[in-house]
Amino acid sequence: MVWIEEYLDAGEKGIIDIPKYVRKQYEQLLPIIHGEDPRWYYNPHLASKPIDFGERFCRQSKDEWIGKRIKYLLWQKAALSAIYGIVERGSDRRKFQRVFIEVAKKNGKTTMMAPVALYETAKKGNEVYSAANARDQASIIWNAAADMLEQSPDLKMLLKKQQYKIKNIRPNGFSVFVPLANQPDMLDGKLPKVVILDEVHELDQSLYDILYNGQISIADPLFIMISTNGFVRGGLFDSEYENSKEILDGIIQDERKFSLLYELDNPKDWMNEAHWQQVNPSLGIIISKERLRTIVNDALAKPKSLNSVKVKHFNLGGVSEKAYFEYDIINNERTFDIERFRGYDAIGGFDLSLTNDMTAFCTLFWDAENKEFCVVVMFWISSDFYERAQQDPRMGNVWSMWVEQGFVQVAGKNSIDHKAIVAYAVEMVEKYDICYRWIYYDAYSARYLVSDMAAQGFREGDCLIRCQQGSKTLSVPFQKLQAELEVKKINYNNNPVVKWCMTNVAVEEDRNKNPLPTKAGKNNMRKIDGFAVILDAFVGVCDHRQEFVGDDDGENA
């Protein structure tokens, strides 16, 4: 029996609840399994080798399972058989070189991966690494593997535990398994055959880049990322997650990546026990439904714990504790083609920084067909800010990616060149025949930009509208914008910078309890500009709803 087919069959029969993206990944492999692909085929012998190794030689070392042999669950067998069993005709080299597995806490990630590390170290000539920002985190899988080694006389004939190293002791074995922290002097010169990144949501992009690029000369590399969701938005986890979804949806082509996204098909189902298995494939075996139910009920009684429970046990994207919006409220993956709005009226919004901070410009349309607001946002930073941003250990490479992808433009050295914003607004008009009926802006520091905009026909008092940034002006539009976000009627084209900005929004209240957005925390690298300009434009929606929306029902507040 092919475990992949057995797993899918159990899903079809309703024995297990398989989430849609996991099902989609495995269904895409069926032509290969059935021998219909000219390049790749399924080798049952290679598929079973790491599974047989783990179950024969490895024993557990935690809690009530101490000393018991590893017994892989069906979902784990399906995953490992796909990674190791789908190979190239003629060479038997693995099809999948990159693996991304998102699965909730306490579903056996470490127990699944530690035997894999030992299996690869037992071969000859392999450099195997578990890696994380800090050695303690990187050592979790390594320590589990070391404990398994200590309990196996057979493995001790092949491998030897040393300080922070497991070494192959066979003649000309040369393989090692080492935990690596994110320290440049430790990473130089590595030629990793196998890399296991645990808890990707905590990792620096730079660590990924160094190890992944270190595999460039390896003939049959394997790069495994396995993680729960986390609280850091816009980082490595989000990048790999979005990339996995785009591959599975056929938006981009990458036949070398294997992804399992164990997440709720409907994020609102985190309270529905019938769907808990979608995100917890080991439910009822490693973690009991009763235990998970207790965790949820405890969190409901202690709201400060609820965010963590939703992130770690249900893989719902998290934000910082001080953030106002929960991730499932702001997350909207709907997209649109701006060509649809050629010749449309629009409301604009901008917030200019005189320093080397961030500036944003938003263009907001009303989509009468889908009854939603569609928003295009562009961002600018100065070159000085860009240099500092690239030094951020978790976000540096993300800023580079955003610039390369065109979500952020670099304009000016010490401060943002406001002429770039004027040029962008003119380009939007000329390229898409957009009519900006009103452009709302924060008057602070915008004098020269307003003057240059007026010279291009965007005249103050006619098109350009000053938007005071106090609660008197913003509190009602804020509440209406929040209502639209909650019902997924703010389509921001899945812009990752906008999404990140919204995760940084906190709220202060004036003496009359009117809400006013502010930045969560004191980190100057956290920005809310993408949300702020949408809110400015939404002041225009509130001021001109009848003119802009017409008789359509765009009101959810």
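This section describes a helix, aromatic contacts, a cavity and backbone features of one structure. The model is predicted, and local features were accepted at pLDDT of at least 70, side-chain atom pairs only at pLDDT 80 or more, whereas totals for chains, interfaces and linings use all residues. Residues are numbered from 1 along each chain as its sequence is written, and side-chain values rest on heavy atoms, with hydrogens and water left out.

Secondary structure follows DSSP runs numbered from the N terminus, with helices (H or I) of at least four residues and strands (E) of at least two. Helix α6 comprises 16 residues, 135-150, and spans 21 Å between its first and last C-alpha, close to the 22 Å expected at 1.5 Å a residue; the expected span is 1.5 Å times one less than the number of residues. A kink of about 35 degrees is centred on I141 of α6, the bend at a residue being the angle between axes fitted to the seven residues ending there and the seven starting there. I141 is also among the buried residues of α6, which include W142, M148 and L149. Burial denotes a relative accessible area under 20%, exposure one over 50%, and partial exposure the range in between, for a 1.4 Å probe and protein chains only. The charged end of R135 sits over the ring of Y164, at 4.1 Å from its centre; the criterion places NZ of Lys or CZ of Arg within 6 Å of the ring centre and within 35 degrees of the ring normal.

Aromatic pairs were defined for rings of Phe, Tyr and Trp (its six-membered ring) with centres within 6.5 Å, planes under 30 degrees apart being stacked, over 60 edge-to-face and the rest tilted. The count by this rule is 35 aromatic pairs. Y7 and Y26 are edge-to-face, because their ring centres lie 5.7 Å apart and their planes stand at 80 degrees. Since Y7 belongs to helix α1 (residues 3-12) and Y26 to helix α2 (residues 20-33), the pair ties together parts that are 19 residues apart in sequence. Y7 is buried at 4% relative accessible area, and Y26 is buried at 0%. Y436 and F458 form another edge-to-face pair, with 6.2 Å from centre to centre and 70 degrees between the planes. This pair links distant parts of the chain, 22 residues apart, with Y436 in strand β15 (residues 435-441) and F458 in the loop between α17 (447-455) and β16 (464-466). Both Y436 and F458 are buried, and they belong to one aromatic cluster with F350, F361, W380, Y424 and Y441.

Cavities were sought on a 1 Å grid over the protein atoms alone, as sets of points where a 1.4 Å probe fits but cannot get out, with lining residues having an atom within 4 Å of a point. Grid points were joined across faces, edges and corners, and volume is the space filled by probe spheres set on the points. The count is 1 cavity of 30 Å³ or more, and the largest cavity holds about 50 Å³. Its lining consists of N307, K310, V311, L316, G317, G318, E326, Y327 and D328. Helices α12 (303-314) and α13 (327-330) each supply at least two lining residues, and α12 gives the most, with 3.

Positive phi values occur at two non-glycine residues described here. F174, with phi of about 65 degrees, lies in the loop between β6 (165-168) and β7 (176-180) and is exposed at 62% relative accessibility. K371, with phi near 55 degrees, occupies the loop between β12 (358-367) and β13 (372-381) and is partly exposed at 35%.

How values were computed:
1 Å grid on protein atoms, 1.4 Å probe; cavity = no way out; pocket = protein on both sides within 12 Å on 5 of 7 lines; lining within 4 Å.
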